[in-house]
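Colleague: I am new to this structure and would like to understand how its descriptive words are earned. Could we go through them one at a time, with the reasoning set out?

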Amino acid sequence: MTFRNRLFRLFLTVAPLGTTLGCLGWIALHSPFTEPFVDRSLAGTRVELERAMAREVDLGWLLPRVQTALLDEDLIQLELLLGLANDHGVVLPPDMITDVAALDAQASGLFARTASCGACAVDITACKTLAQIGACALPFELSPAGDVNAVRRASVSYLSGGAVDQLDLGLAIVGLGATGAVLATGGTSYTVKAGTSVLRMARRLGAITPTFAARLGDLTRQAVRWDRIEDLAALRIGPADMINATQMAELSAIGTSVRRVAAKTSMGEAVTLLRHVDSAEDAVRLARVTDAVGPRARGAFEVLGKTRVLRATVRLSDLAFGAVTLLYLTLVQIGVLVAQLCGNVCLRALRRRMQRAPI
């Protein structure tokens, strides 16, 4: 075999590996793993969540949960579960439907609605349904009266020697200050006011995780001038003077995300969905989920859990996918090349041995 032929054979042997390594080197120059995940499109997120939920929700999944909600007389949970049954074509037993209807009728009578709405307006923990939160608690909490009531609670706790919920108080002060800013700026601070009101309501319902509460506590400590609280109590300054506007960026971003969630679902659902938020980044991703599936977001979290739902909003970027594919191909081709070389060595050794063997 001539030298040219040997060189040509060597080129054919290493060309696939060389090409793959060249492509891998080129794609590596673009730093594919700096941001390996990118946002999935809203349509893609919707399809991914609907497919995953369809695999989970059936009669066996729903029955024990509906039974537990009936025993607890939890109308909010029952509303969610019946919605899931309807969305996925699951037929519940007739006697269970009768029990749900009886519980709903018991809570929806005129006297019961009037009494419970009044209690819900001043104490969100007394609300029995999301509709009640929206109709009774929200108008009160979104008004300055809701913030004033939170300040009153803190004052009563302080004067009685009890523990003051500084986060609840801080959000109320920010809300009152933002109300004044709305009048001064033509409404540009309404998002902050609405966001802090929803956060306060979620806090009262126990729908704020400890991690998120700690972060919100840090933000309110930075945003509120706590050293001037005595001046506020003596009415020497107004709530707007208590706010440090330069420290409001992250709190405003959270308020914007909360407003997006509420716009695609409802204020009541936004309150309950906050239990899945641990950071401002989670709030943004929650807003993307509601942008994709709207009011079905609460059902998605109930069925799939936070991790799977938020994971559905992102996908592996094309660069990262290409890099992973090329790495895999490189390893396969190296393995094939090594196996070929070892096989050739073994064949040559066997050929020599057979040639030396006596006939």
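Modeller: Let us begin with a cut-off, for a residue is called buried when its relative accessible area is under 20%. Please keep in mind throughout that this is a predicted model.

Colleague: What makes threonine 330 count as buried?

Modeller: Threonine 330, which has its place in helix H17 (residues 318–356), has a relative accessibility of 6%, and since buried means under 20%, threonine 330 counts as buried. Threonine 330 also lies 9.6 Å from threonine 19 in space, C-alpha to C-alpha, although the two are 311 residues apart in sequence.

Colleague: How many helices and strands does the protein have, and what share of its residues is buried?

Modeller: The protein has 17 helices and two strands, and buried residues account for 38% of its 359 residues. Of the contacts between residues at least 6 apart in sequence, 72% join residues that are at least 24 apart.

Colleague: Why is methionine 53 called buried, and which residues does methionine 53 touch?

Modeller: Methionine 53 belongs to helix H2, and its relative accessible area of 7% falls under the 20% cut-off, so methionine 53 is buried. Leaving aside residues up to four places away in sequence, methionine 53 touches Leu84, His88, Gly299, Ala300, Val303 and Leu304. For one of these partners, valine 303, the C-alpha separation from methionine 53 is 6.6 Å, with their positions 250 residues apart along the chain.

Colleague: Threonine 45 is in helix H2 as well; what makes threonine 45 count as buried?

Modeller: Helix H2 covers residues 42–56, and threonine 45 within it has 1% relative accessibility, which is under 20%, so threonine 45 counts as buried. With residues up to four places away in sequence not counted, the residues touched by threonine 45 are Arg40, Ala292, Ala312 and Thr313.

Colleague: How do you know that the length of helix H15 agrees with its number of residues?

Modeller: Helix H15 runs over residues 280–293, and at 1.5 Å a residue its 14 residues should span 20 Å; the end C-alpha atoms are 20 Å apart, so the two values agree. Glycine 294 follows H15, and the phi of glycine 294 is positive, near 60°.

Colleague: What makes H15 mostly covered?

Modeller: The description rests on a count, for 10 of the 14 residues of H15 are buried. Among them are Ala280, Asp282, Ala283 and Leu286. Arginine 288, which is also in H15, is buried too, because its relative accessible area of 17% is under 20%. Not counting residues up to four places away in sequence, arginine 288 touches Asp39, Arg40, Ser41, Leu42, Arg260 and Thr313.

Colleague: Why is H13 described as roughly parallel to H15?

Modeller: The axes of helix H13 (residues 249–264) and H15 come within 9 Å and cross at roughly 20°. Angles under 35 degrees count as roughly parallel, and that makes H13 roughly parallel to H15. The crossing in which H13 passes H15 is left-handed. On the H13 side the contact is made by Glu250, Ile254, Ser257, Arg260, Val261 and Lys264, while on the H15 side the residues include Ala280, Ala283, Val284 and Arg288. By class, the residues of this contact of H13 with H15 are seven nonpolar, two polar and five charged.

Colleague: What makes H7 and H10 oblique to each other?

Modeller: Helix H7 (residues 130–142) and helix H10 (residues 190–205) have axes that come within 10 Å and cross at roughly 120°. Angles of 65 to 115 degrees count as roughly perpendicular and those over 145 as roughly antiparallel, and an angle of roughly 120° is in neither range, so H7 and H10 are oblique to each other. H7 passes H10 in a right-handed crossing. Ile133, Ala137, Leu138, Glu141 and Leu142 of H7 make this contact with residues of H10 that include Tyr190, Lys193 and Ala194. The contact of H7 with H10 holds eight nonpolar, one polar and three charged residues.

Colleague: What is the phi of glutamate 73, and where is glutamate 73 found?

Modeller: Most residues other than glycine have a negative phi. Glutamate 73 has a phi near 55°, a positive value in a residue other than glycine, and glutamate 73 is found in the loop between helix H3 (59–72) and helix H4 (75–87).

How values were computed
Residues are numbered from 1 along each chain as its sequence is written. This is a predicted model: local features need pLDDT of at least 70, side-chain atom pairs count only at pLDDT 80 or more; totals for chains, interfaces and linings use all residues. Side-chain values use heavy atoms; hydrogens and water are left out. Axes are lines fitted to C-alpha atoms, for helices over the stretch in contact, and angles run from 0 to 180 degrees between N-to-C directions. Helices (H or I, at least four residues) and strands (E, at least two) are DSSP runs, numbered from the N terminus. A crossing is left-handed if the near helix is turned anticlockwise from the far one by less than a right angle, and right-handed if clockwise. Contact means heavy atoms within 4.5 Å. Ala, Val, Leu, Ile, Met, Phe, Trp, Tyr, Cys and Pro count as nonpolar, Asp, Glu, Lys and Arg as charged, and the others, Gly among them, as polar. Buried means under 20% relative accessible area, exposed over 50%, partly exposed in between (1.4 Å probe, protein chains only). The expected span of a helix is 1.5 Å times one less than its number of residues.
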